[in-house]
Amino acid sequence: MTVVYEDNHIIVVNKTASEIVQADKTGDTPLSETVKQYLKEKYQKPGNVFLGVTHRLDRPVSGLVIFAKTSKALTRLNEMFRTSEVKKTYWAVVKNAPKEPEGELVHFLVRNEKQNKSYAYDKEVPNSKKAILHYRLIGHSENYFLLEVDLKTGRHHQIRCQLAKMGCPIKGDLKYGSPRSNPDGSICLHARRVRFIHPVSKELIELEAPLPEGNLWKGFTIEDTERTY
């Protein structure tokens with residue numbers, strides 16, 4: 001992880017695809033503990049370091065994660081995430097081009113806890129939650145397409161599940177229909193940008209995370225800006 005932004009109340013880091021945000025049954029060191037250790041060493045704190053987890057990214061996903069350094073910031077950020085005041089934009093590499101270059105996807109997702117997987121339905125079904133995202137085709141390489149995704153809701157595996165339902169599974173995402181895994185175990189989904197009003201200072205915060213290094217994200221021509229990655 002690398003620190004993208006830090007002040008007295010929040011710290012935002014760029015997570016690598018192998019890191020887990022919070023502790024789980026694997027027993028691997030979570031990102032939250034790594035950030036705590038970073039803060040402890042940076043500020044030479046003798047006791048425990050407060051760090052609040054405000055949201056999560058799936059383990060194979062890279063990109064921006066926001067943590068709270070104070071209880072005041074944590075309470076306010078939790079409410080901001082609940083009311084969708086934090087705007088998150090993702091980039092996703094997919095094998096198939098969407099039928100339309102831009103559109104809104106609305107599905108009803110049902111989470112299967114045992115499989116750790118969500119299923120998308122076109123109409124409301126029992127135990128489903130409405131999921132909405134906006135996608136836009138922004139680039140291409142010889143074999144893949146690059147989508148920009150704006151989340152309107154925050155559901156379990158939402159982007160992975162909805163893009164797969166559209167016929168565009170994310171590169172490397174075996175769970176949702178990609179034919180092959182990525183060599184590093186990642187999937188090509190990256191939390192690229194966040195935009196929100198600072199929970200304490202009330203200033204507008206806009207941050208962008210560099211793309212992961214390596215060949216998986218190289219060779220793309222970005223159509224709306226004519227840049228090549």
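Helix α3, which spans residues 158-165, is mostly covered in this predicted model: of its 8 residues, 6 are buried. The buried set is made up of Gln158, Ile159, Arg160, Cys161, Gln162 and Leu163. It helps to picture what lies over these residues. Their cover includes a series of strands, namely β5 (87-94), β6 (102-112), β7 (117-121), β8 (129-140), β9 (145-151) and β10 (189-197). Just after the helix comes Gly167, whose phi is positive, at about 95°.

One of the buried helix residues, Cys161, leads to the topic of disulfides. A search of the whole structure finds 0 of them. Cys161 takes part in no disulfide, and the nearest cysteine sulfur, in Cys168, is 13 Å away. Why does the sulfur of Cys168 form no bond with the one in Cys161? The two sulfurs are too far apart for a bond, because 13 Å separates the sulfur of Cys168 from that of Cys161, its closest cysteine sulfur, while a disulfide calls for two cysteine sulfur atoms within 2.5 Å. Both residues are nevertheless hidden from the surface by the cut-off of under 20% relative accessible area: Cys161 is buried with a value of 4%, and Cys168 is buried with a value of 1%.

Strand β10, already met as part of the cover over the buried residues of α3, also pairs with other strands. With β4 (residues 62-68), β10 pairs in the parallel sense over 2 bridges, and here Ser62 stands opposite His190 of β10. With β5, the pairing of β10 is antiparallel and runs over 6 bridges; Ala92 has Leu189 in β10 as its bridge partner. Strand β5, like β10, is also listed among the elements covering the buried part of the helix.

Which way do β10 and β11 run relative to each other, parallel or antiparallel? Strands β10 and β11 (residues 204-208) run antiparallel and are joined by 5 bridges. One of the paired positions brings together Ile197 and its bridge partner in β11, Leu204. These two strands form a hairpin with 6 residues between them. In this hairpin, Lys202 takes a positive phi near 70°, and a positive phi was also noted above for Gly167, just after α3.

Technical notes: Residues numbered from 1 in each chain as written. Predicted model: local features only at pLDDT ≥ 70, side-chain atom pairs only at ≥ 80, totals over all residues. Heavy atoms only, no water. Buried < 20%, exposed > 50% of the residue type's maximum accessible area, 1.4 Å probe, protein only. Helix = DSSP H or I, 4+ residues; strand = E, 2+ residues; numbered from the N terminus. Contact = heavy atoms within 4.5 Å. Pairing = 2+ DSSP bridges.
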